[in-house]
Amino acid sequence: MTEIFNNQQNDMTNDKSITDLKNINLWIDNNFESLVNNLKALIKINSIPTLAVGNLPFGENIQEAFEFMLNMADKDGFKIKNIDNYGGHIELIGNGDNKKTMGILAHLDVVPAGENNWIHPPFDAIIEDGKLYGRGAIDDKGPTMAAYFAMKAIKESKIELSNNVHLILGLDEETSWKGMDYYLKKVNAPDFGFTPDSDFPVVQCEKGILVFDLVKKLGKSSDSGFELKRLEGGSAYNMVADYATATIFHKNKEIYDKIKIQAKTFSHNTGYNIYIKGSGNNLILTTKGISAHGAMPEKGLNAISILLAFLADINFNNEDINSFIEFYNRYIAFETDGKSANIDFADNESGNTAVNIGIIKLEKSTITLSINVRMPISVSDEDFYLKLKEVTEQYNFGIVKSKYQPPISFSSDDSFIQTLMEIYQKHTEDYDTKPLVIGGGTYARAMDNFVAFGALFPGEKEVAHQPNEYISLESLKKATYIYAEAIYRLCI
C-alpha cells in the first residue's frame, strides 16, 4: 500500500494547513447539534434488512435509511449515486490532475435489537448522561454520520481537495454483503480508504471469519418419552444468543411436575434460570442470556447453552435428538474457544480462536446450529474444517458452509497506518495504544487497501450488538474531528 500514500505526506505545519484544520474544527463545533439531530433521525429508522420487496433487495426498512442519507446529501449539495438500491455513495469531488478516490465505507443496516434489558426503546434515540442510545448508535450509524459531517465540514469550509472522496453506504454488512458485491460490479472501487466500523486507533489486522451451519438429520421417534416439538434460539449468527426456547410434550402430564423440580434444582446449582409455563398439553421452557458481539462471545452468556445443558437431563423419544444434545454439551457447552472440539487454534500475532453459537432451529426433521468463528490469521478455512470434521462426523452432522472472509493484515510501518495513527494521537494525546488486531469482521475486507479506523475509543465499553447500545456525544464529536483531518491529509 505504501506507494499509494507517498504523495499524500503533506506538511501539516504550514500556515494554510493549520488555518484549514482550525476552520474545519470550528465548523464541526458550530454544527454539532445538527449532526446529533440527524443521527437521532437515522437511529429512529429500524433498518434491519428484510426480504426483498419489488426493486428493494433488502426491504423497505433499510431503504428508508438509505434514502434518508442520500436525500440529506443531495440537499447539502453533494453528488450522490444510488446503485439499484444495493448501495451507493456520497461524493466530494476533487480537482487534482492525477486524482485518486478515497473511500469511507460505512453501513446503515443494524442487527436485531434483541428482547432483553433495554433501558430505552432501541429505536427511540434517547440522549441521557451525554450518551445517545439506540440500535446502530455505535455500529454503524453514529460513525457514518460523523464521517458525513467531516466531509461536509471540508465542503462548507471551501477547501478544495486533490482527490475524490466517496462515503459509500452499505445496506447488508451485518448479513450477506451482497449489496457491496453488486455495487463493486457497477462502480470502480476506491484506490484506498477506511471503514469507521471498529476501534481506534487503527486496525492493522483482522482475523479470518467463518460462518457455517451444523445440520443434524433426525430419524423416526418412538412412542415413549418426551417429544421435542419446538426448539429455537438466537437472532443472528454474529450475536451471542440472548434467548432460547423449547416446547416439550409428554403423554403423562404428571411428569411435568418432575421437570419443574429439575428446573429449580438446575437453577440452584448453576445460577441459570429456566422459565416454565404450560401451553395446552405442552410445556414451554425458556432461557435468557446476555447478548454480545460474535467476535467476543466470551463477553456474553449464551442462552442456547443454558437450555441445552438443562435438556441433557430429559430423555426424548428420538435418539438423534438425544445424540445432538450430548454432542452439544460435550464439545461446545459454554466454551467460546473451541477447545473441546479441538479447534482452538492460536498464534502469536492474532491470538485465539473465538466460536459463537448464534442460532439454533428445529424444523421438521432437522436441527441446525448457525455458528460464527473468528480464526487466527495463520489458519486456513481448510485447516479448520478438517479438524471440525473429526468431531462432527462421529455424530453424523453435516457442515453447510455459508461464508468465509480471509484475514487481512498490514504492517505497522505502512505509511497509511502511520498517517492515521498520527491523526489519532494528535486528537487524543494517546501515544501508548498500538495498532490493533481484532476478531471483528469490518467492511475493510470488502475492498483492497482499506483498514478499519474507529469509532470506538480505547477504554470505552463495547456495546455494539448489545442491549443499550450507545455512542458518547463527546466521542462522536472527537471522531468527527479525526475523520475530517484524515480526509484532509489524505486528499489535499
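In the predicted model, helix 3 (residues 32-43) lies across strand 4, strand 5 and strand 24. The direction of helix 3 makes an angle of about 20° with strand 5. Helix 5 (residues 137-156) also packs on this sheet, where it touches strand 5 and strand 24. Relative to strand 24, helix 5 runs at about 50°.

The sheet beneath this description is open and consists of three strands in the order 4-5-24, with antiparallel pairing. Strand 4 (127-128) and strand 24 (470-472) are the edge strands; each has a single partner strand, so one side of each is left without a neighbour in the sheet. Strand 5 (residues 131-133) is joined to strand 24 by three bridges. Within this pairing, Y133 has Y470 in strand 24 as its bridge partner.

A further set of pairings involves strand 14. Strands of a sheet pair through backbone hydrogen bonds, in either a parallel or an antiparallel manner. Strand 14 (residues 282-288) runs antiparallel to strand 12 (residues 243-249), and seven bridges join the two. In this pairing F249 stands opposite N282. Strand 14 also runs antiparallel to strand 13 (residues 275-279), to which five bridges join it. Here the bridge partner of K277 is I284 in strand 14.

Strand 13 and strand 14 form a hairpin, with two residues between them. In the turn, G280 has a positive phi of about 65°. Strand 14 is mostly covered, as five of its seven residues are buried.

How values were computed:
Residues are numbered from 1 along each chain as its sequence is written. This is a predicted model: local features need pLDDT of at least 70, side-chain atom pairs count only at pLDDT 80 or more; totals for chains, interfaces and linings use all residues. Side-chain values use heavy atoms; hydrogens and water are left out. Buried means under 20% relative accessible area, exposed over 50%, partly exposed in between (1.4 Å probe, protein chains only). Helices (H or I, at least four residues) and strands (E, at least two) are DSSP runs, numbered from the N terminus. Two strands pair if DSSP finds at least two bridges between them. Contact means heavy atoms within 4.5 Å. Axes are lines fitted to C-alpha atoms, for helices over the stretch in contact, and angles run from 0 to 180 degrees between N-to-C directions.
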